Amino acid sequence: MTKGKRKRIVILGSTGSIGLNTLRVLRLHPDKYQVLALGAGKNIEVLAREIQEWKPRKVAVQDKQTARILSDTLPKDTSVEILHGTGGYVELATMSNVDTVVSAMSGAAGLVPTYEAVRARKQVALANKEAMVMAGQLIMAEAASKGNSVLPIDSEHSAILQCLRGHNREDIKRVILTASGGPFLGLRPAELTKVTAQQALKHPNWQMGPKVTIDSATLMNKGLEAIEAKWFFDLPMEKIGIVIHPQSIVHSMVEYKDGSIIAQLGMPDMTIPIAYALAYPRHLEIDAPALSFGELGSLTFEPVDTEKFPCLSLALTAARVGGTMPAVLNAANEVAVQAFLQERIGFMDIPEIIRNTMAMHEPESVKTLGTVLKADAWAREKAEGFLAPKPQKAGA
Ligand code: MG
């Protein structure tokens, strides 16, 4: 970016939780940022309002029909090009005059546009952790070869990035990801089998979209984040630890060889890591509520129970196996979470579906995006198969 010029931004996933918070940050700094394009799924109502406010040159939505409805919704004199599908998202992500692509689509759908943004030498601010889980090695290798940066929006990785600055990476003993533990931290295993989607969607600390909120309740989110950290910071899995911290104030930590631990703290508000990714390495003024130590009381920590939350151990296993296994884990999880949200399966069926899908997979090494997408499609089909109506199980 040339000095004095506004940074030109594309947001993929502009109507989701991260997208709305990104726009909240941008609204505070019109002198620094300009929105060139917005990608959304099917939320036409919100996207139409965003088009009125931000006047993007291009937008993209999920499919042709949604594009047509959007076009009919907008006032006749609106000047915006409406695209759709993966091709549409890729077109936004690779626009020639764009500086930064905020990758905030949910799930595997964000992988191809994110990868193409990196290939087109865009700086990428990444909230779409699934893309990193599926193809972290390809994304980071491509970014390194093009000399552009991929910056984390996930609060834990934003914390680690901040805790690494000014230190030598050879001195890292390990990084410690904090996990809130989600809404079911205190439940007994028998109680976990009965929880509903409604209960799982009530996260104690963070306001987020449905997919990541369910992932937080199963602790799959922390497993995906451990894999994400591996690629973001080029660390072996043995150097990535996890600790439960129910207050979500310490967003993660880095421990160095001498036992010194650097932590990053703040309110659980996504605008903080979003602003850091946009302004990196600077800190922007934003309107997040301030952290008051006087009102905070105590910060507590406890070990994580991987037996009670098997999704986490499945993710760590997939990371150890490597190759296409994390993509398979991710795809099976997306299918299972969707089914749980639709009340087709129970909460503890989520890890079972993932485990069964992973057990059938013969992992391949990841050399191209094609290999990853093939594994993703394979796993979705297998996981869907496990959703089929099954006979009543005794005691489950
Ligand atoms: Mg996170």
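In this predicted model, the domain assignment divides the protein chain into domain 1, covering residues 7–152, and domain 2, covering residues 306–396. Taken over C-alpha atoms, the centres of domain 1 and domain 2 lie 28 Å apart. Domain 1 brings 11 residues to the contact, and domain 2 brings 12 residues.

How much area do domain 1 and domain 2 bury between them? The value is about 920 Å², and 74% of this area is on carbon and sulfur atoms. On the side of domain 1, a helpful place to start looking is a trio of residues: Val133, Met134 and Leu138. Together they supply 50% of the area that domain 1 buries against domain 2, and no other three residues supply more.

Charged and polar pairings can be counted across the same boundary. Between domain 1 and domain 2 there are zero salt bridges. The count of residue pairs in polar contact is one, with both residues at pLDDT 80 or more.

Which helices help to form the side of domain 1 that touches domain 2? Both α5 (111–119) and α6 (129–146) take part, each with at least two residues. The largest share belongs to α6, which supplies six residues of that side. Sorted by residue type, the side of domain 1 that touches domain 2 consists of eight nonpolar residues, two polar residues and one charged residue.

Terms used
Residues numbered from 1 in each chain as written. Predicted model: local features only at pLDDT ≥ 70, side-chain atom pairs only at ≥ 80, totals over all residues. Heavy atoms only, no water. Domains from an automatic or database assignment. Contact = heavy atoms within 4.5 Å. Buried area = accessible area lost by both parts, 1.4 Å probe. Salt bridge = Lys/Arg side-chain N within 4 Å of Asp/Glu carboxyl O. Polar contact = N/O pair within 3.5 Å; in protein donor to acceptor, adjacent residues only side chain to side chain. Helix = DSSP H or I, 4+ residues; strand = E, 2+ residues; numbered from the N terminus. Nonpolar A, V, L, I, M, F, W, Y, C, P; charged D, E, K, R; others polar.
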